[in-house]
Amino acid sequence: MTSMELPSSLISDGWFYEKDIFNTGFGQTIKIKNILYHKRSKYQDILLFETEKFGTFLVLDGAIQCAEFDEFVYQEMISLLPTNSHKCPQDVLVIGGGDGGVLRELDRHPLVKRVTLCEIDQEVIDVSKTFLPNMAVGFKSPKAKIIVDDAFNFLSTNTSKYDVIICDLTDPIGLSEKLYTTESISLMSQCLNDDGILCLQSESIWLTLPLISNLVKYCKTQFTVCKYATAHTPFYPLGQIG
């Protein structure tokens with residue numbers, strides 16, 4: 001597939017079609033102004049398009065990852081909820097987060113001193129710097145150390161300890177699936193200090209309740225406290241993400 005050959009399952013008559021990957025019957029459509037970028041990287045299909053009213057969208061493997069219109073809601077929740085819940089979150093590990101939005105929020109946090117970001121796909125980082133500069137500004141943070149690697153491999157060999165781990169992942173199908181398992185959550189727990197906090201992207205309670213229930217069950221094997229937080233985000237399925 002060349003850089004601008006667009007699959008008809010995603011785009012038709014100037015509209016982007018997102019179909020729920022969990023086969024719940026949910027979908028949404030968005031009117032496109034311009035296609036900015038499309039290419040299949042080593043790991044996933046990457047699409048960016050511009051709209052009239054809602055800014056630029058980043059889509060990976062057919063699923064919306066962020067829209068300029070509402071991205072701040074998700075970025076602030078997944079970044080500030082765990083760091084503001086920790087008494088002194090000096091060292092933070094971000095798994096995923098290749099658009100730079102989480103880095104942007106952590107750069108603003110006065111107590112965070114060092115941020116390590118592990119992203120598997122360099123091309124996501126590169127296109128975000130080009131087409132999502134207000135998010136990718138996070139990569140300019142002097143606090144940030146960027147590692148391009150498979151997160152499972154990184155966690156398996158890591159010897160550092162963190163106060164907070166933030167998992168800004170794609171949906172738990174395909175590329176990120178193994179990071180939503182008991183084995184991965186156990187590895188993350190081992191990488192945390194004794195008072196450490198793990199924050200994991202946890203899908204929509206309206207569409208994936210069985211998945212969320214399993215995640216809570218997995219986390220309770222490693223952590224004494226486990227809670228599900230939620231935020232309203234217009235362009236995630238049914239306007240909600242946890």
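Helix α1 (residues 71-85) and helix α2 (residues 101-108) meet in this predicted model. Their axes come within 9 Å and cross at roughly 50°. That angle makes α1 oblique to α2. The crossing of the two helices is right-handed.

Which residues of α1 and α2 make the contact? On the α1 side they are Glu-71, Phe-72, Gln-75, Glu-76, Ile-78, Ser-79, Leu-80 and Thr-83. On the α2 side they are Gly-101, Val-102, Arg-104, Glu-105 and Leu-106. By class, five of the contact residues are nonpolar, four are polar and four are charged.

**A glutamine in strand β7**

Gln-65 sits in strand β7, which spans residues 63-67. Is Gln-65 buried or exposed? Its relative accessibility is 15%, and the cut-off for buried is under 20%, so Gln-65 counts as buried. The side chain of Gln-65 reaches the backbone oxygen of Ala-63 at 3.0 Å. Leaving out residues up to four places away in sequence, Gln-65 touches Leu-58, Val-59, Leu-60, Thr-170 and Tyr-236.

**Two helices and their buried residues**

Helices α3 and α6 each have buried residues, listed here with elements that contact them.

| Helix | Buried residues | Elements in contact |
|---|---|---|
| α3 (residues 122-131) | Val-124, Ile-125, Val-127, Ser-128 | including β4 (34-40), β5 (45-50), β6 (56-60), β9 (114-119), α4 (133-136), β10 (144-148) |
| α6 (residues 182-190) | Ser-184, Ile-185, Ser-186, Leu-187, Met-188, Ser-189 | β8 (91-96), α5 (151-157), β11 (162-168), β12 (192-200), α7 (209-220) |

Strands and helices both help to cover α3: β9 and α4 are among them. For α6, the buried residues pack against strands such as β8 and helices such as α5.

What caps the N-terminal end of α3? Asp-121 does. One of its side-chain oxygens lies 3.0 Å from the backbone nitrogen of Glu-123.

**The loop before α6**

Thr-181 is found in the loop between β11 and α6. How is Thr-181 classed by accessibility? Thr-181 has a relative accessible area of 28% and is therefore partly exposed. Partly exposed runs between the buried cut-off of 20% and the exposed cut-off of 50%. Thr-181 and Ala-231 are 50 residues apart along the chain. Their C-alpha atoms are separated by 24 Å.

Note on methods:
Residues numbered from 1 in each chain as written. Predicted model: local features only at pLDDT ≥ 70, side-chain atom pairs only at ≥ 80, totals over all residues. Heavy atoms only, no water. Axes fitted to C-alpha atoms, helices over the stretch in contact; angles between N-to-C directions. Helix = DSSP H or I, 4+ residues; strand = E, 2+ residues; numbered from the N terminus. Parallel < 35°, antiparallel > 145°, perpendicular 65-115°, else oblique. Left-handed = near helix turned anticlockwise from the far one by under 90°. Contact = heavy atoms within 4.5 Å. Nonpolar A, V, L, I, M, F, W, Y, C, P; charged D, E, K, R; others polar. Buried < 20%, exposed > 50% of the residue type's maximum accessible area, 1.4 Å probe, protein only. Polar contact = N/O pair within 3.5 Å; in protein donor to acceptor, adjacent residues only side chain to side chain.
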